[in-house]
Amino acid sequence: MIKQFLKRVFRRPEKTRSAGKVQIISHALHGVSREQISYGARRVTDGLQAAGFHAYVVGGAVRDLLLGRVPKDFDVATNATPEEVKRVFRRSRIIGRRFRLVHVMFGEELVEVSTFRRMVETEDAETDEHGRLLRDNEFGDQEQDAARRDFTANALFYDPSTQEIFDYHRGFSDIREGVLRIIGDPQVRYREDPVRMLRAVRLSAKLGIRLDAATAAPIAAMKPLLDNVPEARMLDEVLKMLLSGHSVECIQELRRMELHHGLLPLLDAIMDRPAGEKFIMLALRNTDERMSQGKPVSPAFLFAALLWHEVHAAWKALVEQGERPVGAMHAAMDEVLSRQKKQLAIPHRHDAIMKEIWLMQQRFEQRSGQRPYRMLEQPRFRAAFDFLLLRCASNEVDNELGLWWDEFQDASDERRKEMLQPESSQGARKRRRRPRKKVEQAA
Ligand code: ATP
Ligand code: MG
């Protein structure tokens with residue numbers, strides 16, 4: 001009896017994972033001012049507070065501001081239920097079924113408002129056989145909401161009206177020391193949600209802060225748990241890495257932790273080939289650069305780059321077997337895409353763009369007659385041309401081809417005519433080849 005009683009008493013703190021006391025950090029110490037909060041997020045916290053609720057800016061935004069970075073978006077956490085939030089703001093909508101959130105619109109800005117939630121203790125929660133936490137959608141208080149979050153740096157609450165930060169897990173001092181530390185027992189937290197291992201890699205790479213030793217230690221042994229994560233969620237996380245603006249660091253970190261095997265099957269196959277690696281790293285570096293310049297990047301372009309060497313290899317094999325180049329390209333694309341879909345579900349909506357980019361690579365070779373002009377009119381020309389430049393930079397094709405297209409795009413009519421290659425060489429060869437092929441097929 002006593003034993004059981006003691007067991008219950010001593011396990012409780014571990015189950016709720018409360019850190020005990022909250023630290024309230026004043027503006028004088030942290031220096032984040034109300035003006036640094038987006039207009040919409042300020043309106044949301046002001047509005048909720050005026051209606052008698054608690055409301056804070058939370059998560060990535062507070063972390064980024066403390067690190068001197070510009071936050072991507074501002075999320076708000078509150079003790080108001082989604083219905084109560086909706087009643088305060090005219091232009092708002094409740095979204096989601098399992099986790100009900102409210103989207104509040106202020107002009108162009110969309111602020112996501114979530115009600116404080118608590119983690120359901122692992123014992124009563126619906127976990128799968130590996131202990132993955134399947135439920136954390138019950139309402140809770142601020143302290144419980146902090147405890148369900150992943151890293152101490154992500155669990156800070158900022159009140160724009162008092163300019164104070166509420167810190168339950170010493171996240172403020174971790175940020176100051178440049179440490180990313182998981183809240184609670186790392187093994188338990190990774191078992192609850194293996195994606196946190198990837199988030200650890202992505203956030204430390206993106207923020208340029210080191211992973212705390214105890215947070216990193218269990219990852220090597222626990223990485224097989226990633227196999228149980230639903231594909232769509234994996235893809236989401238991989239995309240976040242690739243489009244983090246720090247994809248190169250993310251991939252390097254993944255490899256260092258030996259996490260890239262199985263996670264990115266397409267990388268597995270390709271990284272072993274030096275040419276493939278060079279091309280992929282160039283594509284990633286190029287993406288990071290575009291992001292830092294505020295230019296748009298498309299996931300389709302990135303996937304096209306990641307899969308290119310497989311497509312190219314499949315195409316070459318088919319051509320060597322006697323297939324015609326264009327037909328071989330179509331077959332190669334379909335083969336690689338269907339193989340890839342079994343491993344990491346790249347959504348079908350990207351297929352068309354990827355195929356266009358790949359198909360246009362062959363057409364860059366054709367530099368006579370009307371063809372180059374038609375190429376320029378293709379809506380996907382720019383993406384395909386950027387892709388060609390990557391192929392040049394990785395020594396897959398001669399630089400001269402990239403330079404030719406670079407000049408042709410912007411050249412005067414006169415100059416374009418001069419640049420065109422004589423029709424005869426390519427055209428004549430083509431005409432001769434076709435009938436022969438038909439005869440072969442007929443035979
Ligand atoms: P980013 O700048 O990339 O958006 P973020 O930390 O804001 O980084 P989000 O995915 O937007 O990441 O998540 C918002 C917040 O939700 C996080 O700061 C964290 O507090 C919490 N969170 C997100 N994913 C998890 C998870 N898997 N487990 C626990 N908490 C999580
Ligand atoms: Mg975020």
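**Exercise 1. Describe the shell around ligand 1 by element, residue class and contact.**

Step 1. Helices α4 (60-66), α9 (195-207) and α12 (231-242) each supply at least two residues of the shell around ligand 1. Helices (H or I, at least four residues) and strands (E, at least two) are DSSP runs, numbered from the N terminus. The largest share, four residues, comes from α9.

A note on the model: it is predicted, so local features need pLDDT of at least 70 and side-chain atom pairs count only at pLDDT 80 or more, while totals for chains, interfaces and linings use all residues. Residues are numbered from 1 along each chain as its sequence is written, chains are lettered from A and ligands numbered from 1 in the order in which they are written, and side-chain values use heavy atoms, with hydrogens and water left out.

Step 2. Count the shell. 15 residues surround ligand 1, each with a heavy atom within 4 Å of it. The closest are Arg-63, Lys-72, Asp-193, Arg-196 and Arg-202.

Step 3. Sort by class. The shell holds no nonpolar, three polar and twelve charged residues. Here Ala, Val, Leu, Ile, Met, Phe, Trp, Tyr, Cys and Pro count as nonpolar, Asp, Glu, Lys and Arg as charged, and the others, Gly among them, as polar.

Step 4. List atom distances. A polar side-chain atom of Arg-63 lies 2.8 Å from an oxygen atom of ligand 1. A backbone N or O atom of Asn-154 lies 3.1 Å from an oxygen atom of ligand 1. A polar backbone atom of Asp-150 is 3.2 Å from a nitrogen atom of the ligand.

Step 5. Add the cover. Taken alone, ligand 1 exposes 590 Å², and the protein buries 84% of that. Areas come from the Shrake-Rupley method with a 1.4 Å probe.

**Exercise 2. Classify the pair Phe-301 and Phe-387, and place both rings.**

Step 1. Set the criteria. Rings of Phe, Tyr and Trp (its six-membered ring) pair if their centres lie within 6.5 Å; planes under 30 degrees apart count as stacked, over 60 as edge-to-face and the rest as tilted. The structure holds 18 aromatic pairs.

Step 2. Apply them. The centres of Phe-301 and Phe-387 are 5.7 Å apart and the planes stand at 80°, so the pair is edge-to-face.

Step 3. Locate the rings. Phe-301 lies in α16 (residues 299-320) and Phe-387 in α20 (residues 381-393), so the pair ties together parts 86 residues apart in sequence.

Step 4. Check burial (buried under 20% relative accessible area, exposed over 50%, partly exposed in between; 1.4 Å probe, protein chains only). Phe-301 is buried at 10%. Phe-387 is buried at 0%.

**Exercise 3. Trace the aromatic cluster and the charges over its rings.**

Step 1. Name the members. Phe-364, Tyr-373, Phe-381, Phe-385, Trp-404, Trp-405 and Phe-408 form one aromatic cluster.

Step 2. Take one pair. Trp-405 and Phe-408 are edge-to-face, 5.8 Å centre to centre, with 75° between the planes. Both lie in α21 (residues 399-410), three residues apart, about one turn of the helix. Trp-405 is buried at 0%, and Phe-408 is buried at 0%.

Step 3. Find the charges (NZ of Lys or CZ of Arg within 6 Å of the ring centre and within 35 degrees of the ring normal). Arg-416 has its charged end over Phe-408, 5.1 Å from the ring centre. Arg-367 lies over the face of Trp-404, at 5.3 Å.

Step 4. Follow Arg-367. This residue lies in the loop between α18 (351-363) and α19 (371-377). Arg-367 is buried at 8%.

Technical notes:
Polar contact = N/O pair within 3.5 Å; in protein donor to acceptor, adjacent residues only side chain to side chain.
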